[in-house]
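Reader: I am new to this structure and would like a close look at a single part of it, namely the empty spaces. Please take me through them slowly, and then set the helix contacts beside them.

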Amino acid sequence: MGALEGVITISRRLSLAEAPSRRTTTLVAGRLFVVVALVFLLSTAGRHPQVDEFTTQLKGHFKDFKSWTPPAGIFPSVLRYEHEHEHDKLPRAVLGNDNTTFTQYLDARWPEIVSPEDAASSFRSDGGTSPLPPHIWITLAGPTYVDTGLANLVAFVSQLNQERAIKYGKNTRETVLITLCLDEKCVKMCAERNFYCWGGYEYKRPKQNLQATWPKLAGMMEVLQKRDTFFVDADVFFRLDPYPHMLPLLKDFDFIVQEEGNDFHFNTGWFWMRRGPKSVESWRAVYDMDMKELSRDQRNLNKFFNTTGLRVPNPADKSNVQLDFISPNGVRVKLLDPELFFSFHFEDMLVGIRPDAVYVHATCLQEKFAMAKHQGFWGDIDGYYSSPLPVLTFDHHSGTVEEVTLMARIVIAAARYVDRAFQPASTTTFTKVVTAVDTFDRKEREHWVSRRPYYSFPYERIGRALNVTMVEASYNSHSARHLLGKSVLAHGEQRLGWTTSQERVAKAAEMLHVSELDIRRAKTFSHLISLLLSPQYRNVKVVKLVHFEWPDDAGRWENWRYWVVPGPMDAIVPCNRLEHGYLCSYTCTWDGLPPGLPDWPSQESLLKEVEAHGLKRARRIR
């Protein structure tokens with residue numbers, strides 16, 4: 001059923017199989033009247049004249065925009081779902097069109113606009129006791145991000161609000177995250193999770209603009225007329241409160257933004273911008289540039305601001321880089337500390353991720369979520385940490401490409417058969433990687449390559465393709481930290497308002513206890529499955545396979561290097577181009593599932609093989 005077919009009116013909540021009582025009918029009619037009245041008031045309410053002017057200007061430029069006719073029904077401009085709250089003026093997830101603008105969506109929920117005097121404050125400067133209007137964070141998402149990157153942002157903002165209210169008082173200014181959806185499916189998924197989402201810009205997208213960036217551009221042109229705004233990409237993974245670093249800068253600057261690291265540009269994956277004509281003019285200039293040549297908003301905004309030229313006044317002295325400047329149209333720009341607001345493509349430099357880093361932005365990476373989890377920037381989404389999974393892992397992932405690949409296949413397949421999550425080793429070392437032909441003597445070279453797991457195998461994509469749950473190498477300690485209360489206000493502190501119950505302590509202790517199983521005990525892969533299902537290991541939370549590195553000097557065919565692993569094993573391969581370093585294009589490319597993969601044999605058939613002692617000899621890998 002499509003999302004538009006899923007529009008739910010209040011009358012549909014009654015079962016069609018039952019005749020409603022008179023009381024129920026009266027109640028439904030009353031609710032319908034109230035909702036219709038609200039919709040009428042919203043559609044006829046006076047709007048800000050600048051917004052009307054902006055809408056008129058946009059319509060003049062959208063000569064080629066996609067037409068869209070809303071479905072017939074009571075609420076033609078709004079998707080309504082069961083998840084809406086009765087006190088809400090509009091549903092949290094709205095599929096907007098010409099009749100429901102993003103400005104109307106914001107004004108219906110947060111009608112008060114913070115004064116310029118209070119823009120950098122957490123409390124009212126006039127001494128009032130009511131909370132200030134919330135900080136507005138805007139992000140973008142498509143369907144693939146709703147349950148992942150977006151859910152992670154929502155979890156962080158929720159905990160941030162909860163802890164800041166305890167530390168600074170219940171009237172401290174809150175944060176609200178609103179998603180500009182790229183399509184209708186995103187809006188529906190947001191509604192299922194009760195997220196704040198709006199999806200109307202796609203229906204007015206000029207063909208010259210990219211779907212992935214157009215809502216951001218249109219949103220900034222519209223919102224910045226009335227509201228100061230934070231923007232954050234959905235692949236930015238927070239660990240700590242950004243406000244101590246951001247709020248002191250708000251009084252003196254109009255645009256506070258993350259470093260990019262290339263060409264001395266800024267990165268628009270995280271910024272705060274002051275409302276006003278200069279800000280709107282800046283994004284309108286980006287729009288005009290997009291109409292002439294397809295490009296990303298970040299590149300064009302840097303070009304319009306002449307970022308490189310103003311940050312490096314003397315091209316001959318690139319060590320003298322300005323951290324703030326004033327754009328040609330008068331916008332005061334401030335660049336943030338890149339070690340606190342960290343872009344992941346810096347990892348190839350001599351810069352590590354500091355323990356007090358506010359976030360990591362996965363700018364150059366295919367396995368974005370795997371990296372965020374590995375580095376400790378992932379939240380407790382759907383009980384990921386608070387209801388920890390049983391895992392199967394191993395401690396020594398090293399050898400030739402063939403050996404390393406077979407190890408991964410053995411552990412991933414075993415995890416699948418015994419209902420455990422697969423946990424990679426913290427580092428993978430390939431001892432023989434062939435490089436390109438040497439330019440000096442025209443010979444190929446072999447060398448070793450040591451990589452983190454998200455640079456070694458496309459574990460996330462393999463897991464989704466084969467329906468195997470993958471967790472990070474530090475999943476055990478991360479689970480324990482969340483169970484014991486991990487704060488987002490300061491590194492190493494306990495979460496405010498957190499109750500460390502005996503149950504949580506017991507779960508944390510269980511995740512930190514590791515039971516080892518010697519791989520040399522298993523004669524075949526099937527025998528390994530039977531050992532993992534034995535009472536000794538069945539109820540253990542963390543099982544680690546050890547002694548993969550043990551040599552096979554005697555040529556014993558029972559050694560794991562001879563094993564035949566059943567199932568679609570050809571899908572489990574390392575990242576392409578292991579010989580390359582940390583480049584955006586080569587971090588971990590994957591060709592996807594090869595055709596004609598066999599199905600997984602049943603667990604029962606594997607165990608019968610062990611009972612019958614049908615041990616087959618296999619060719620030893622080289």
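**The pockets, the cavities and the helix contacts**

Author: Helix α9 gives the most to the lining of the largest pocket, supplying four residues, and this pocket is a good place to begin in what is a predicted model. The space inside the largest pocket comes to about 900 Å³. Its lining is made up of 28 residues, and those closest to the centre are D233, D235, R296, Q298 and T363. Two or more lining residues come from each of β2 (135-141), α4 (143-168), β8 (266-273) and α9 (297-305). Sorted by class, the lining of the largest pocket has seven nonpolar, 12 polar and nine charged residues.

The second largest pocket holds about 730 Å³ of space. Around it stand 32 lining residues, and K373, Y384, E460, T469 and M470 are the ones nearest its centre. Helix α4, which also gives two or more residues to the lining of the largest pocket, supplies at least two residues here, as do α5 (184-193), α11 (368-374), α13 (453-456) and α14 (459-466). The lining of the second largest pocket divides into 17 nonpolar, eight polar and seven charged residues.

Besides these pockets, the structure has six cavities of 30 Å³ or more. The volume of the largest cavity is about 90 Å³. The residues that line the largest cavity are E112, I113, V114, P133, P134, I136, R173, K226, R227, D228 and R275, and by class they are five nonpolar, no polar and six charged.

From the empty spaces we can turn to places where helices meet, beginning with α12 (residues 401-417) and α17 (residues 525-532), whose axes come within 10 Å and cross at roughly 45°. That angle makes α12 oblique to α17. Where α12 passes α17, the crossing is right-handed. On the α12 side the contact is made by I410, A413, A414 and Y417, and on the α17 side by F525, L528, I529 and L532. The residues of this contact between α12 and α17 are eight nonpolar, with no polar and no charged ones.

A second pair is formed by α15 (residues 475-483) and α16 (residues 502-512), with axes that come within 8 Å and cross at roughly 165°. Angles over 145 degrees count as roughly antiparallel, and therefore α15 and α16 are described as roughly antiparallel to each other. The crossing in which α15 passes α16 is left-handed. Here Y475, N476, S477, S479, A480 and L483 of α15 meet R504, K507, A508, M511 and L512 of α16. The contact of α15 with α16 includes six nonpolar, three polar and two charged residues.

The last pair is α6 (residues 214-223) with α8 (residues 277-292), where the axes come within 8 Å and cross at roughly 140°. The crossing of α6 and α8 is left-handed. From α6 the residues W214, K216, L217, M220 and M221 take part, and they meet V280, W283, R284, V286, Y287 and D290 of α8. By class, the contact of α6 with α8 has eight nonpolar, no polar and three charged residues.

Methods. Residues are numbered from 1 along each chain as its sequence is written. This is a predicted model: local features need pLDDT of at least 70, side-chain atom pairs count only at pLDDT 80 or more; totals for chains, interfaces and linings use all residues. Side-chain values use heavy atoms; hydrogens and water are left out. Axes are lines fitted to C-alpha atoms, for helices over the stretch in contact, and angles run from 0 to 180 degrees between N-to-C directions. Angles under 35 degrees count as roughly parallel, over 145 as roughly antiparallel, 65 to 115 as roughly perpendicular and the rest as oblique. A crossing is left-handed if the near helix is turned anticlockwise from the far one by less than a right angle, and right-handed if clockwise. Contact means heavy atoms within 4.5 Å. Ala, Val, Leu, Ile, Met, Phe, Trp, Tyr, Cys and Pro count as nonpolar, Asp, Glu, Lys and Arg as charged, and the others, Gly among them, as polar. On a 1 Å grid over the protein atoms alone, a cavity is a set of points where a 1.4 Å probe fits but cannot get out, and a pocket is an open set with protein on both sides within 12 Å along at least five of seven lines; lining residues have an atom within 4 Å of a point. Grid points are joined across faces, edges and corners, and a volume is the space filled by probe spheres set on the points.
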